[in-house]
Amino acid sequence: MRIYGHFIHGREVPAASGETFPSVAPMSGDILGYAACGTEADVEVAVSSAQEAFAFWSSLPPARRERILLECANAVEAHHDRLLNLLIDESGSTIVKARYELLYTPSVLRAAAGEVRRLYGDTLPNEKPHRLSMVVREPVGIVAVISPFNAPLALLAKMAAFPLGAGNTVIAKPSEETPLIAVEFAKVLYEAGLPSGVFNVVTGCGSECGEPLVKHPGVRGVAFTGSTATGIKVGHIAIQTLKRLQLELGGKNPLLVLGDMDMIKAAEIAAVGAFSHSGQICMSSARIIVEAPHGLTFAHALAKKAASLYLGDLRDERTAYGPLINQRAVEKVFRHVQLARAGGGQVITGGNVDHGLVFQPTVIYNPPRWGECWEEETFGPVALVTEVSSLEEMIAIANESQYGLSAGILTNDLKRGLSAARQIRCGAVHLGTHSFQSDPMAPIGGYGMSGIGRSGGKYSIEHFTELKWISVESGETSGPF
Ligand code: NAD
């Protein structure tokens, strides 16, 4: 059985404690390998490496960083099949979802490479006649990237690529559910020419390995993607040393289905939004708000679609969904279904475990609009369908959430759709499709309890650079003394 190390300064190193933990495939239960169990001592080594690399990496001409990131993108494509297979096994992804991550990853590296040449500054109009004022951007330093399990390659790549492009060095701490793919990714980048220490990976659990990383005074930025509860904890720690902070957290995303839609077509689109990766997507369309009188028609169409989704081998192209990540996740999803049922919701299809960690795609009509199932993220294949009589009320319900990550609006009426899009309080609103959309150049992030800051494109670059005002006095300097 393969034993993996952390990836620090261009090579795999064992944990200082010598401890390891298993990475288990959620579909088969097989142990795929053992990862290094990181602690403060390992974080210390990674910080030294990233510090040493920072001086070199941050002073490289942008064109060099651009070229290296482009080489990294090519290398990910060259290692496609190996990464794909590990991704399927370790994260329980279907081949279709894993392929998407393998398309997105080089794409985001290329997008970051493009941003490297756009690290523009400013010259400012002055109050003083002989002063030239410039504003330049500089990298913040070492950025800790703490990533979740659900898209362990694509998200890690996105969270790291833009800070790297801006001249920062990165220490990544992937989810303890998916440590191996992160180490393999780091190796691919290193072999493609990313210098030692520029991108390091320490593996381990949140409290033992993640916390010391966020605490470390040598780390100047934190990019965190994960649950809101953990994000708040991480934010508390990071603020003690005033780190630059980006938090991409949970959601309970609304999908509005307006009355002019063909309900069969709307259900097809909604099924992708709700059941992709078994609902383990932060932008999953979890609350579907349908304009009256179409609620029940829509719910039955969605239930029919849900029941028809193919479940087979994860490598079978027809397979539409797979397992949840662990038993805790299964129990949470089941609890939410039970709560919705107890509150009067009608479970039209699903509602139970299929086998192992696989939960049936579930449609619940008219769930109670209160309590854990409605208010909290389920992160499973559960679509809550509610019928509402006016667009105003649909918008009000969409906004009736602590979260504000992403929304979708299905309509052919651009005027009503756009009006709703402007009123929904979310980081993204997608007209004509469901709430689960991504683009390397788009600002991803949320309102309210869905996070702080935006990642992607120029927005990440802005987040992980410091602004410095430099002035040049060319006249006589005179003052009161
Ligand atoms: P999680 O919060 O359990 O863990 C996320 C990461 O934080 C992991 O690497 C974990 O080890 C680490 N961590 C845990 N405790 C920590 C601590 N005390 N200090 C430092 N690090 C710690 O999340 P998860 O279950 O891996 O992922 C699912 C969550 O991620 C969902 O809530 C989902 O909505 C969210 N998510 C958000 C986005 C987005 O773009 N907004 C994208 C994907 C996932």
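**Figure 1. The seven-stranded open sheet of the predicted model.** In this predicted model, 7 strands make up an open sheet with mixed pairing, and their order across the sheet is β14-β17-β18-β13-β12-β20-β21. Strands β14, spanning residues 346–349, and β21, spanning residues 428–431, each have a single partner strand and stand at the edges, so one side of each is left without a neighbour in the sheet. From one strand to the next, the twist averages 25°.

**Figure 2. Parallel pairing of β17 with β18.** Within the sheet of 7 strands, this view centres on strand β17 (residues 362–365) and strand β18 (residues 382–388), which run parallel and are joined by 4 bridges. Thr362 can serve as a landmark for the pairing, since this residue stands opposite Val382 in β18. In general, the strands of a sheet pair through backbone hydrogen bonds, and the pairing may be either parallel or antiparallel.

**Figure 3. The three-stranded antiparallel sheet.** A further open sheet is formed by 3 strands in the order β5-β6-β24, with antiparallel pairing. Its edges are held by β5 (122–124) and β24 (465–473), each of which has a single partner strand, so that one side of each is left without a neighbour in the sheet. The twist in this sheet averages 25° from one strand to the next. Strand β6, covering residues 131–139, runs antiparallel to β24 and is joined to that strand by 9 bridges, and Val136 has Lys468 in β24 as its bridge partner.

**Figure 4. The ligand and its surroundings.** The ligand sits in the largest pocket, and the elements that contribute two or more residues to the shell around the ligand are α7 (206–215), β10 (219–225) and α8 (228–240). In total, 27 residues surround the ligand, the closest being Lys173, Glu176, Ser227, Leu249 and Glu377.

**Figure 5. Polar contacts to oxygen atoms of the ligand.** A polar side-chain atom of Ser227 lies 2.7 Å from an oxygen atom of the ligand, while an N or O atom in the side chain of Glu248 is 3.0 Å from an oxygen atom of the ligand. At Ser175 the contact involves the backbone, where a polar atom is 3.4 Å from an oxygen atom of the ligand. Taken alone, the ligand exposes 840 Å², of which the protein buries 89%.

**Figure 6. Backbone geometry in two loops next to β13.** Most residues other than glycine have a negative phi, and most peptide bonds are trans. Ser278, which is found in the loop between α9 (263–275) and β13, has a positive phi of about 55° although this residue is not a glycine. In the loop between β13 (285–291) and α10 (295–308) lies Pro293, and the peptide bond from Ala292 to Pro293 is cis, with omega near 10°.

Definitions and conventions: Residues are numbered from 1 along each chain as its sequence is written. This is a predicted model: local features need pLDDT of at least 70, side-chain atom pairs count only at pLDDT 80 or more; totals for chains, interfaces and linings use all residues. Side-chain values use heavy atoms; hydrogens and water are left out. Two strands pair if DSSP finds at least two bridges between them. Axes are lines fitted to C-alpha atoms, for helices over the stretch in contact, and angles run from 0 to 180 degrees between N-to-C directions. A residue is near a molecule or strand if one of its heavy atoms lies within 4 Å of it. A polar contact is a pair of N or O atoms within 3.5 Å; within protein, one must be able to donate a hydrogen and the other to accept it, and residues adjacent in sequence count only if both atoms are side-chain atoms. Accessible areas come from the Shrake-Rupley method with a 1.4 Å probe; for residues, only the protein chains shown count as cover. On a 1 Å grid over the protein atoms alone, a cavity is a set of points where a 1.4 Å probe fits but cannot get out, and a pocket is an open set with protein on both sides within 12 Å along at least five of seven lines; lining residues have an atom within 4 Å of a point. A molecule sits in a cavity or pocket if more than half of its atoms lie within 2 Å of its grid points.
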